[in-house]
Amino acid sequence: MATSKRVQTLRLLAFFVCVFAHRFPALGAHPLLGAEKLTKVHFFLHDTLSGSKPSAVLIAHRENHTGVPNDPTPFGTAFVIDDPLTAGPELDSGVVGNAQGLYVSSGRTLSRRALQRSSFVVLEKPLAVVGGRGAFRLARGFAQLRTHYLNTTNGDAVIEYDVTLLHY
């Protein structure tokens, strides 16, 4: 599923840009790094391919694409992103950060029949978290991602993240 693979890639990328966190008491201590902390993060990633101000822009695609017609994210396409992360599912709910970087659509097929029934597709995906940087150096944990909104015509998506981390 090309769109599903793109959404999964965005979910993983957005985790590494986490800035909206609630800290809990220390769980353990490392002799050099200090006390281990538990952090829970909840936010929404807005990936917009359409309109006059997209947050994701196509920068490369393969020649002679023969995939699904009108697929906004066909196999082999690369995007540069500056996706806002918000506290709620609406874009005006308060920006808490941005996911910036690149992603590549790596899925070869897309099941349009399953996606055309509704713009709101509930896809759930657990992801393991290993590593991080800054305050999340040596982090480990898990993220539960849910597709809050997906427009299968233009590729716009809103992904909900619930992340639980152990870090120093």
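Before anything else, a working definition: two strands pair if DSSP finds at least two bridges between them, and I will use the word in that sense while we go through this structure, which is a predicted model.

Let me start with strand E5, residues 78–86, and its neighbours. Strand E4, residues 56–60, is joined to E5 by 4 bridges, and the two run antiparallel; in that pairing, Ala60 has Ala78 of E5 as its bridge partner. Strand E3, residues 34–47, is also antiparallel to E5, with 2 bridges joining them, and there the partner of Leu45 is Leu85 in E5. Then there is strand E6, residues 95–104, which runs antiparallel to E5 and is joined to it by 9 bridges. If you look again at Leu85, you will find that its bridge partner in E6 is Gly97, so to speak a second link for a residue that is also the partner of Leu45.

How many of the 9 residues of E5 are buried? The count is 7, which leaves the strand mostly covered. Val80, which has its place in strand E5, counts as partly exposed because its relative accessibility is 35%, and the partly exposed class runs between the 20% and 50% cut-offs. Val80 also takes part in a nonpolar surface patch of about 340 Å², which it makes together with Val57, Ile59 and Leu102. As background for anyone looking at this sheet, side chains in a regular strand alternate between the two faces of the sheet.

Now let me move along the chain to strands E7, E8 and E9. Strand E7, at 124–130, and strand E8, at 140–150, have a loop between them that holds Leu138, and the two strands run antiparallel with 7 bridges joining them. Within that pairing, Val129 has Gly141 of E8 as its bridge partner. E8 is in turn joined by 10 bridges to strand E9, residues 157–167, again in an antiparallel arrangement, and Arg140 stands opposite Leu166 in E9.

Finally, two backbone angles deserve a careful look. Which sign does the phi of Leu138 have? The value is positive, near 65°, in a residue other than glycine. For context, most residues other than glycine have a negative phi. Leu138 counts as partly exposed because its relative accessibility is 47%. The other angle belongs to Gly155, in the hairpin of E8 and E9, where 6 residues lie between the strands and the glycine takes a positive phi near 90°.

Methods: Residues numbered from 1 in each chain as written. Predicted model: local features only at pLDDT ≥ 70, side-chain atom pairs only at ≥ 80, totals over all residues. Heavy atoms only, no water. Buried < 20%, exposed > 50% of the residue type's maximum accessible area, 1.4 Å probe, protein only. Patch = residues over 30% accessible without salt bridge, like charges linked within 9 Å, V, L, I, M, F, W, Y side chains within 5 Å. Areas by Shrake-Rupley, 256 points an atom, 1.4 Å probe, with all protein chains shown as cover. Salt bridge = Lys/Arg side-chain N within 4 Å of Asp/Glu carboxyl O.
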